[in-house]
Amino acid sequence: MTAPDPALPPPERPAHLHVVRSRTDVDVPDAENAVAALLRALGRDPADPHLVDTPRRVADAYAELLTAPPFDLTTFPNDEGYNELVMATAIPVQSLCEHHLLPFTGVAHIGYLPGERILGLSKLARVLDLFARDLQVQERLTQQVADWLQDNLDPRGVGVVIEAEHLCMSLRGVRARGARTTTSALHGLVREDARSRQEFFALTGLRG
Ligand code: ZN
């Protein structure tokens, strides 16, 4: 065993990719006024004792649903040279449909083929949450998560699948209760290499 050579750089520290802050600024008092106006437009009296706190509750609920908590995204060098898929499956996802302001909920499967750096598994759920707390359509949400991982982690491939039920489809309109919408976004080898693609979809439980 030899003493550390002072001429060598210190061991590599984890790299902080981003400190992500909330992306949406909700004007809560303005939202409260708007909910009171909506109640009046729906033929209800916002001064009714049963409804008097509703504008505040609704405004708070939207503020929570549209604000992602800040988080530190730390990546680590892929020292072991791990070169198989890293997958997190059945991550719960909830978001708000931008067409009806109604929730859609389901699960996401996220995988990547590591390059130089790897990411803590729980961070995949954080990245998903960052984009899910927004007024969304499922296709864009799926793409944003895949693009973000591709751009920030520079992996050899990325796959994201979201399966969700939209309340705007199951409660109104066609009332297709239980119908699930599946969307996917693939990059790099997960898109181009048949074996990686197949393996990714096998791990999601879907056919590629
Ligand atoms: Zn909708």
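**Exercise 1. Find out which residues line the second largest pocket, and sort them by class.**

Step 1: Start with the lining. Cys97, His99, His100, Gln136, Val137, Gln138, Glu139, His166, Cys168, Met169, Thr181 and Thr183 surround the second largest pocket. Keep in mind that you're working with a predicted model.

Step 2: Now look at the space inside, which comes to about 150 Å³.

Step 3: Sort the lining residues. You should get four nonpolar, seven polar and one charged.

Step 4: Ask where they sit. Helix 4 (138–153), helix 5 (167–170) and strand 8 (181–187) each give at least two residues to this lining.

**Exercise 2. Work out which atoms hold the zinc ion and how their residues are spaced along the chain.**

Step 1: Pick out the donors. They are SG of Cys97, ND1 of His100 and SG of Cys168, at 2.2 Å from the zinc ion.

Step 2: Write the spacing as a pattern: C-x2-H-x67-C. The two cysteines tie together distant parts of the chain, since Cys97 is in strand 3 and Cys168 is in helix 5, 71 residues apart.

Step 3: Decide whether the cysteines are buried or exposed. The cut-off for buried is under 20% relative accessible area. Cys97 has 4%, so it's buried. Cys168 has 11%, so it's buried too.

Step 4: Link back to Exercise 1. Cys97, His100 and Cys168 are also among the residues lining the second largest pocket.

**Exercise 3. Trace the partners of strand 3 and say which way each one runs.**

Step 1: Take strand 4 (residues 103–113). It pairs with strand 3 (residues 86–97) in the antiparallel sense, over nine bridges. Along this pairing, Val93 faces Gly106 of strand 4.

Step 2: Check the connection. Strands 3 and 4 make a hairpin with five residues in between, and Leu101 in the turn has a positive phi of about 55 degrees.

Step 3: Turn to strand 6 (residues 135–136). This one runs parallel to strand 3, and two bridges join them. Here Cys97 sits opposite Gln136.

**Exercise 4. Describe the lining of the largest pocket.**

Step 1: Get the volume: about 180 Å³.

Step 2: List the lining. You'll find Val26, Ala31, Ala34, Val35, Val58, Ala59, Tyr62, Leu66, Leu101 and Leu135. Leu101 is the turn residue from Exercise 3.

Step 3: Classify the residues: 10 nonpolar, no polar and no charged.

Step 4: Place them. Helix 1 (28–41) and helix 2 (54–65) each supply at least two residues.

Key: Residues are numbered from 1 along each chain as its sequence is written. This is a predicted model: local features need pLDDT of at least 70, side-chain atom pairs count only at pLDDT 80 or more; totals for chains, interfaces and linings use all residues. Side-chain values use heavy atoms; hydrogens and water are left out. Two strands pair if DSSP finds at least two bridges between them. Helices (H or I, at least four residues) and strands (E, at least two) are DSSP runs, numbered from the N terminus. On a 1 Å grid over the protein atoms alone, a cavity is a set of points where a 1.4 Å probe fits but cannot get out, and a pocket is an open set with protein on both sides within 12 Å along at least five of seven lines; lining residues have an atom within 4 Å of a point. Grid points are joined across faces, edges and corners, and a volume is the space filled by probe spheres set on the points. Ala, Val, Leu, Ile, Met, Phe, Trp, Tyr, Cys and Pro count as nonpolar, Asp, Glu, Lys and Arg as charged, and the others, Gly among them, as polar. Donors are N, O and S atoms within 2.8 Å of the metal (3.2 Å for Na, K and Ca); water is not among the atoms, so sites may look incomplete. Buried means under 20% relative accessible area, exposed over 50%, partly exposed in between (1.4 Å probe, protein chains only).
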